[in-house]
Amino acid sequence: MLHIAATLAEVAPNALLLNFTNPSGLVTEALARYAPAVTAVGVCNSGITAKMQFLGLYQRIAGRTVDPDSVQLDTLGLNHLTWHRGLFVAGEQVWPQFFAAYLDELKAQAHPEWDIRTLQTLGMIPNYYLQYFYYRQRKLAAQDQWPPSRAEEVMRIEGDLLRQYADPSLTAPPAGLMQRGGAWYSTLATQVIVSHYNDLGQIHVLNTRHNGAVSGWPADWVLELPARVDAQGIHPLPAAPLPPVCFGLLAAIKMVELLTVAAAVHGDRNALYEALLVHPLGPQADQVQALLDDLLETNRAYLPQFFRA
């Protein structure tokens, strides 16, 4: 990605780089720190997908159809580690009634994806990836359903999709595309490009350096938050900090990102060791070295910076 950014700075210095590579926040963090001459933004479908899902529930409780372009999601965190805490419809904050209806729906489900006590305490709805942190044992138990793993399932789906895309008569997205995941990705990317090119100033949930938009947090951190997109670039909107119960986890994962970026850029094995050590879902301390060695050897062909004399 840094090589691509260097090429972009040379041949198209005014271009906007939209990064889809996951984890989008970590890659965008690397671009912000090591390719500052390039305007880069991380794009993820989680925010827009949550917005569209929340909009569906809001329309049911409001009994009316709402234009998605009039809806804005208030969310904050890191890529795949955000908390949703507000929903604006035509500028009106509707979160209290929406959140109450969301809890009612969970209570009616036999196996809800979130427990009511946690959500009531937070007053927010976590990004679904936070289930790996909040319900670790549940996620580990789900592995008993493998094979296929998620990766194996995606490989099968993509194989079928690529065969269909090879058909020149195909004029509509294949039905199997929705099985792949990543809904609304193309919509968001297109909206960001259009808003940037046409200087529209639309607001989208994106990954970008917040530059002090969140008071009290390091200004050079890349966060996922609402930002205004215009011809000049990406402008994070001022946002209230998350409470300590969220910030503690967020800060730990941000340290993982920063250490991983340093390790990748400099081929620093110590930084990589520390990234694995600090990760809340990482291996136990006495297992870090073995995992590190296995990861590097398995991917040796792609990570020459770690094997220089």
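Helices and strands are DSSP runs, numbered from the N terminus. The views below come from a predicted model.

**View 1. A cis bond leads into helix H2**. The peptide bond from Asn 22 to Pro 23 is cis. Its omega is near -5°. Pro 23 sits in the loop between strand S1 (16-19) and helix H2 (24-34).

**View 2. Two prolines share a cis peptide bond**. Pro 147 and Pro 148 are joined in the cis form, with omega about 0°. Pro 148 belongs to the loop between helix H7 (136-141) and helix H8 (150-165).

**View 3. Positive phi at His 80 and at Ala 90.** Neither title residue is glycine: His 80 has a positive phi near 70°, and Ala 90 has a positive phi near 50°. His 80 lies in the loop between strand S3 (71-78) and strand S4 (81-89). Ala 90 lies in the loop between S4 and strand S5 (92-93). Their surroundings can be compared through relative accessibility. His 80 has 17% relative accessibility, so it counts as buried, the cut-off being under 20%. Ala 90 has a relative accessible area of 67%, so it is exposed, the cut-off being over 50%.

**View 4. Helix H2 packs on helix H11**. The axes of H2 and H11 are 9 Å apart, and the helices pack at about 60°. H2 is therefore oblique to H11. The crossing of H2 and H11 is right-handed. H2 brings Gly 25, Leu 26, Glu 29, Ala 30, Arg 33 and Tyr 34 to the contact. H11 brings Lys 254, Glu 257, Leu 258, Thr 260, Val 261, Val 265 and His 266. By class, the residues of the H2 contact with H11 are 6 nonpolar, 3 polar and 4 charged.

**View 5. Val 261 in helix H11**. Val 261 is buried, with 3% relative accessibility. Leaving aside residues up to four places away in sequence, Val 261 touches Leu 26, Glu 29, Ala 30 and Tyr 34. These four also appear among the H2 residues that contact H11. Ile 234 stands 27 residues from Val 261 along the chain. The C-alpha atoms of Val 261 and Ile 234 are separated by 22 Å.

**View 6. Helices H11 and H12 run roughly antiparallel**. Their axes come within 8 Å and cross at roughly 160°. Angles over 145 degrees count as roughly antiparallel, so H11 and H12 fall in that class. The crossing of H11 and H12 is left-handed. Ala 252, Met 255, Val 256, Leu 259, Thr 260 and Ala 263 form the H11 side of the contact. On the H12 side are Ala 271, Leu 272, Glu 274, Ala 275 and Val 278. The contact of H11 with H12 has 9 nonpolar, 1 polar and 1 charged residues. Thr 260 of H11 meets H12 here, and Thr 260 is also listed in the contact of H11 with H2.

**View 7. Helix H12 crosses helix H13**. The axes of H12 (residues 269-278) and H13 (residues 288-298) come within 10 Å. They cross at roughly 120°. H12 is therefore oblique to H13. The crossing of H12 and H13 is right-handed. From H12, the contact takes Arg 269, Leu 272, Tyr 273, Leu 276 and Leu 277. From H13 come Val 288, Gln 289, Leu 291, Leu 292, Asp 293 and Leu 296. The contact of H12 with H13 divides into 8 nonpolar, 1 polar and 2 charged residues. Leu 272 of H12 meets H13, and Leu 272 also takes part in the contact of H12 with H11.

**View 8. A tilted aromatic pair, Trp 217 and Phe 247**. The model has a count of 13 aromatic pairs. In the pair of Trp 217 and Phe 247, the ring centres are 5.1 Å apart. The planes of the two rings make an angle of 40°. Trp 217 lies in the loop between strand S7 (202-209) and strand S8 (222-230). Phe 247 lies in helix H11 (residues 244-266). The pair therefore ties together parts that are 30 residues apart in sequence. Trp 217 is buried, at 9% relative accessibility. Phe 247 is partly exposed, with a relative accessible area of 26%.

**View 9. A cluster of aromatic rings**. Phe 54, Trp 95, Phe 98, Phe 99 and Tyr 102 make up the cluster. Ring pairs link these residues.

Notes:
Residues numbered from 1 in each chain as written. Predicted model: local features only at pLDDT ≥ 70, side-chain atom pairs only at ≥ 80, totals over all residues. Heavy atoms only, no water. Axes fitted to C-alpha atoms, helices over the stretch in contact; angles between N-to-C directions. Helix = DSSP H or I, 4+ residues; strand = E, 2+ residues; numbered from the N terminus. Parallel < 35°, antiparallel > 145°, perpendicular 65-115°, else oblique. Left-handed = near helix turned anticlockwise from the far one by under 90°. Contact = heavy atoms within 4.5 Å. Nonpolar A, V, L, I, M, F, W, Y, C, P; charged D, E, K, R; others polar. Phe/Tyr/Trp six-rings, centres within 6.5 Å; stacked < 30°, edge-to-face > 60°. Buried < 20%, exposed > 50% of the residue type's maximum accessible area, 1.4 Å probe, protein only.
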